[in-house]
Amino acid sequence: MAKWRGAMELFDIYDDERNRTGRTAERNQKLKGGEHQLIVHVNIMNTQNQLLIQQRQPHKPDWPGYWDISVGGCVQAGETSREAAEREVFEELGLEIDLAQAVPYFWIHFPNGFADEYIVHQDLNLGMLNLQPTEVQGVKWASYDEVMCMMKEGTFFPYQRSMLELIFSFSEIGDKT
């Protein structure tokens with residue numbers, strides 16, 4: 001389970017090889033060179049090859065009002081990537097998922113961190129989701145072309161195009177459950 005000091009969220013610090021160092025840091029703490037955090041993204045795809053995207057609340061300090069992938073968040077101290085992915089989906093969308101047999105489809109190295117990318121194939125009734133009011137103002141399904149158009153317009157979080165291409169390509173060949 002995650003470690004907390006007061007109301008401060010902690011995360012494990014990883015080295016360049018993705019090994020836990022045994023040290024932790026507080027959320028939003030600037031890391032030194034060679035120190036990394038682990039985050040997760042859960043990309044929910046429907047049978048129409050559309051990605052569930054969420055719109056961030058306008059009061060969020062980072063990327064307010066931008067559209068983003070289905071779910072994302074930091075792996076808390078003591079958590080596994082899989083546990084964090086399940087927790088984040090429940091917190092942000094009110095949806096319980098079981099990733100016990102899942103591994104990330106791929107991972108990305110970014111400055112001071114690693115992102116594990118999960119892809120879940122599920123048709124959802126969006127009206128049944130319980131959105132986290134402090135994080136998410138809305139959700140919708142979007143095709144690859146729609147997401148690319150939103151990126152061009154500057155309304156979608158500026159991920160690398162290759163990451164989004166991978167997400168959509170894996171959804172076409174993935175095991176649809």
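This is a short dialogue about a strand and some aromatic rings in a predicted model.

Student: Where should I look for the side chains of a strand?

Tutor: In a regular strand the side chains alternate between the two faces of the sheet. Now look at strand β9, residues 113-121.

Student: Which residues of β9 lie on each side, and are they buried or exposed?

Tutor: G113, A115, E117, I119 and H121 are on one side, with F114, D116, Y118 and V120 on the other, and all are buried. So both faces of β9 are covered.

Student: Which strands pair with β9?

Tutor: Strand β4 (residues 37-45) pairs with β9 in the parallel sense over nine bridges, and there V42 stands opposite Y118. Strand β8 (residues 106-110) runs antiparallel to β9, joined by five bridges. In that pairing, F110 stands opposite G113.

Student: What links β8 to β9?

Tutor: They form a hairpin with two residues between them, and N112 in the turn has a positive phi of about 65°.

Student: How many aromatic pairs are there?

Tutor: The count is eight. Take W63 and Y66: their ring centres are 5.1 Å apart and their planes are at 75°, so this pair is edge-to-face. W107 and F114 are also edge-to-face, at 5.4 Å centre to centre and 75° between the planes.

Student: Are W107 and F114 buried or exposed?

Tutor: F114 is buried because its relative accessibility is 1%, under the 20% cut-off. W107 has a relative accessible area of 46%, so W107 is partly exposed.

Student: What sits over the ring of W107?

Tutor: The charged end of R18 does, 4.9 Å from the ring centre.

Methods
Residues are numbered from 1 along each chain as its sequence is written. This is a predicted model: local features need pLDDT of at least 70, side-chain atom pairs count only at pLDDT 80 or more; totals for chains, interfaces and linings use all residues. Side-chain values use heavy atoms; hydrogens and water are left out. Buried means under 20% relative accessible area, exposed over 50%, partly exposed in between (1.4 Å probe, protein chains only). Helices (H or I, at least four residues) and strands (E, at least two) are DSSP runs, numbered from the N terminus. Two strands pair if DSSP finds at least two bridges between them. Rings of Phe, Tyr and Trp (its six-membered ring) pair if their centres lie within 6.5 Å; planes under 30 degrees apart count as stacked, over 60 as edge-to-face and the rest as tilted. A charge sits over a ring if NZ of Lys or CZ of Arg is within 6 Å of the ring centre and within 35 degrees of the ring normal.
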